[in-house]
Amino acid sequence: MFKKVIIAEDLDAMNLGIQQVLKDLNIVDFQHSKFCDEAFLKIRAAIQQNEPYDLLISDLSFKTDHRKSDIANGDELVQKVRELQPNIKIIAYSVEDKSYRIKSLFDNAEIDGFVLKGLNSIEELKKAINIISTSDQIFISPEVASALQEKNNYEIDDTDIKILKFLSAGTSQDEIIEIFKSTDIKPNSKSAVEKRLSKLKDFFKANNTVHLVSITKDMGII
């Protein structure tokens, strides 16, 4: 079982709930932080003192206030912590239910567990801690696990990435088509590019092109 835990959570009620879970599991050495920057500094300081944390439980969304933040959200925090301390175990504890975002956390930050906040989250958090403390298995709340396992019939390829990069640079759809034609990138018809954009929006559940670019930037795809 884990000996030293840090919680990154800005809501007092949620933080108290996590602390109670740790106490129920006889984990008494834990700290918490309401800010990502502060949590990261505590983790770094613990490493320097040769008393590192062995588990981080982090929310993904944090409310902004007057403080200037270098780490804006839990996604960035877990990524930076993974780079700083590769062997630490990480559980994301969030209301986030978008499969692409959760998959990104497992693929890019190599988190060990994802617990969806909800009616069963306390018991699921206990289960997640038990599982990842005693094995190399990961834990995913059942409500989102099925979505992650679903085979999507649309695979993103290099052409999609090119389109997204051009859009992020402010290139219009018509200009992208002309660039594709001049460089012999196919498909390069207007209907083909529009079809790809439509599928990308559906895949990422984006409301419009600007939203699509924002999502894919946040995920590090472009």
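**Close-up views of a predicted model**

**View 1. N26 lies in the loop that runs between α1 (12-24) and β2 (29-33).** The model is predicted. N26 is not a glycine, yet its phi is positive, about 65 degrees. Most residues other than glycine have a negative phi. What is the relative accessibility of N26? The value is 68%, so N26 counts as exposed. A second non-glycine residue with a positive phi, D184, appears in View 6.

**View 2. The whole protein chain sets the scene for the close-ups.** The chain has 10 helices and 6 strands. Its 222 residues include 43% that count as buried. Along the principal axes, the C-alpha atoms fill a box of roughly 65 × 35 × 30 Å. Contacts with a separation of 6 or more were also examined by distance in sequence. Of these, 63% join residues 24 or more positions apart.

**View 3. Helix α3 (74-84) has buried residues that face one side.** The buried residues of α3 are G74, L77, V78, V81 and R82. Why do they share a side of α3? They cover an arc of only 130 degrees around the axis, which puts them on the same side of the helix. What do these residues pack against? Their partners include three strands' worth of entries in the list: β1 (4-8), β3 (55-58) and β4 (89-94). The helices α2 (36-48) and α4 are also packed against them. The N-terminal end of α3 is capped by N73. There, a side-chain oxygen of N73 lies 3.2 Å from the backbone nitrogen of D75.

**View 4. The second largest pocket is lined by 18 residues.** Its volume is about 430 Å³. Which lining residues lie nearest its centre? They are D75, R101, S104, D218 and M219. D75 also takes part in the capping contact with N73 shown in View 3. Three helices, α3, α4 (99-108) and α10 (209-218), each supply at least two residues of the lining. Helix α4 gives the most, with 5 residues. By class, the lining has 7 charged, 6 polar and 5 nonpolar residues.

**View 5. I122 sits in helix α5 (residues 121-134).** Is I122 buried, exposed or partly exposed? Its relative accessible area is 34%, so I122 is partly exposed. Leaving aside neighbours within four places in sequence, I122 is in contact with G17, V21 and Y93. I18 is 104 residues away from I122 in sequence. In space, the two are 7.6 Å apart, C-alpha to C-alpha.

**View 6. Helix α8 (residues 173-182) has buried residues I176, I177 and F180.** Seen down the axis of α8, these buried residues fall within an arc of 100 degrees, so they line one face of the helix. They pack against α7 (158-168) and α9 (190-204). The face turned away from the buried side carries the exposed residues E178 and S182. Which residue with a positive phi follows α8? D184 does, with phi near 60 degrees. D184 is not a glycine. D184 lies in the loop between α8 and α9. At 54% relative accessibility, D184 counts as exposed.

**View 7. The loop between α8 and α9 also holds P187 and N188.** K186 and P187 are joined by a cis peptide bond, with omega about 0 degrees. Most peptide bonds are trans. Is N188 buried or exposed? With a relative accessible area of 18%, N188 is buried. The cut-off for buried is under 20%. The side chain of N188 reaches the backbone oxygen of I185 at 3.2 Å. Not counting residues up to four places away in sequence, N188 touches I177, F180 and K181. Two of these, I177 and F180, are among the buried residues of α8.

Notes: Residues are numbered from 1 along each chain as its sequence is written. This is a predicted model: local features need pLDDT of at least 70, side-chain atom pairs count only at pLDDT 80 or more; totals for chains, interfaces and linings use all residues. Side-chain values use heavy atoms; hydrogens and water are left out. On a 1 Å grid over the protein atoms alone, a cavity is a set of points where a 1.4 Å probe fits but cannot get out, and a pocket is an open set with protein on both sides within 12 Å along at least five of seven lines; lining residues have an atom within 4 Å of a point. Grid points are joined across faces, edges and corners, and a volume is the space filled by probe spheres set on the points. Helices (H or I, at least four residues) and strands (E, at least two) are DSSP runs, numbered from the N terminus. Ala, Val, Leu, Ile, Met, Phe, Trp, Tyr, Cys and Pro count as nonpolar, Asp, Glu, Lys and Arg as charged, and the others, Gly among them, as polar. Buried means under 20% relative accessible area, exposed over 50%, partly exposed in between (1.4 Å probe, protein chains only). The arc is that of the directions from the helix axis to the C-beta atoms. Contact means heavy atoms within 4.5 Å. A polar contact is a pair of N or O atoms within 3.5 Å; within protein, one must be able to donate a hydrogen and the other to accept it, and residues adjacent in sequence count only if both atoms are side-chain atoms.
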